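Got the model open in your viewer? Let's take a walk through it, one selection at a time.

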Amino acid sequence: MPSSLKPLLKHLSLALVLSSTFAATVVVAGAPQADARGGKVTKKPMTITDRIEELSKKIDAGQKANELTLDEADDLRKKITKLNEKIDKWKAKNGGKLSYKDQNAAEKDLNKVSVKLLEKQLAKRTEKPGT
């Protein structure tokens with residue numbers, strides 16, 4: 001084989017490996033999961049209520065693991081309580097349902113709480129002892 005074709009062959013081989021790996025990942029990630037009996041289980045989308053519950057659990061766990069102080073955990077809980085109050089108000093105005101605008105606003109508030117939680121936890125993990 002001519003030496004001028006070796007780099008091209010190497011490049012094509014790498015491209016083939018990467019593309020087949022990517023395709024396999026897409027197929028696996030996009031496939032519905034099967035339960036123990038072989039039936040298909042579809043994952044339900046996460047609701048705002050689910051996210052609130054999950055964040056509350058993460059705040060509790062972060063406090064127990066000393067990744068959050070009591071004040072930090074209370075501040076995050078207060079933000080979630082305020083969000084719940086907003087959601088109740090929005091639902092009262094809209095016949096018990098959230099409008100798309102209100103859903104987006106709630107998601108933004110949840111994102112802010114989530115980011116703040118992660119920042120606090122990461123700061124504690126990377127903090128040097130004695131500071």
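Which residue forms a salt bridge with E67? Select R125: its closest N and O atoms with E67 are 3.1 Å apart. (A salt bridge here is a side-chain nitrogen of Lys or Arg within 4 Å of a carboxyl oxygen of Asp or Glu.) Before moving on, note that this is a predicted model, where local features need pLDDT of at least 70 and side-chain atom pairs count only at pLDDT 80 or more, while totals for chains, interfaces and linings use all residues. Residues are numbered from 1 along each chain as its sequence is written, and side-chain values use heavy atoms, with hydrogens and water left out.

Stay on that pair. E67 lies in the loop between α2 and α3 and R125 in helix α4, so the bridge ties together parts that are 58 residues apart in sequence. (Helices are DSSP runs of H or I, at least four residues, numbered from the N terminus.) E67 counts as buried at 17% relative accessibility, whereas R125 is exposed at 56%. The cut-offs: buried is under 20% relative accessible area, exposed is over 50%, and partly exposed is in between, using a 1.4 Å probe and protein chains only. Now add L117: its C-alpha atom is 9.4 Å from that of E67, although the two are 50 residues apart along the chain.

Next, click N66, in the same loop between α2 (48-64) and α3. Its phi is near 60°, a positive value in a residue other than glycine. N66 is exposed, with a relative accessible area of 63%.

Now select D60, D74 and R77, which are linked in a network of salt bridges. R77 pairs with D60 at 2.8 Å between the closest N and O atoms. R77 lies in helix α3 and D60 in helix α2, so this pair ties together parts that are 17 residues apart in sequence. D74 pairs with R77 at 3.1 Å; both lie in helix α3, 3 residues apart, about one turn of the helix.

For the inside, show I48, I52, I59 and I87, which touch the most other members of the 16-residue largest nonpolar core. (Such a core is a set of buried Ala, Val, Leu, Ile, Met, Phe, Trp, Tyr and Cys residues joined through side-chain atoms within 4.5 Å.) Helix α3 gives the most to this core, with 6 residues.

Last stop: what else could you select in helix α4? Try K112, which is found there and is exposed at 59% relative accessible area.

Conventions: Helices (H or I, at least four residues) and strands (E, at least two) are DSSP runs, numbered from the N terminus.
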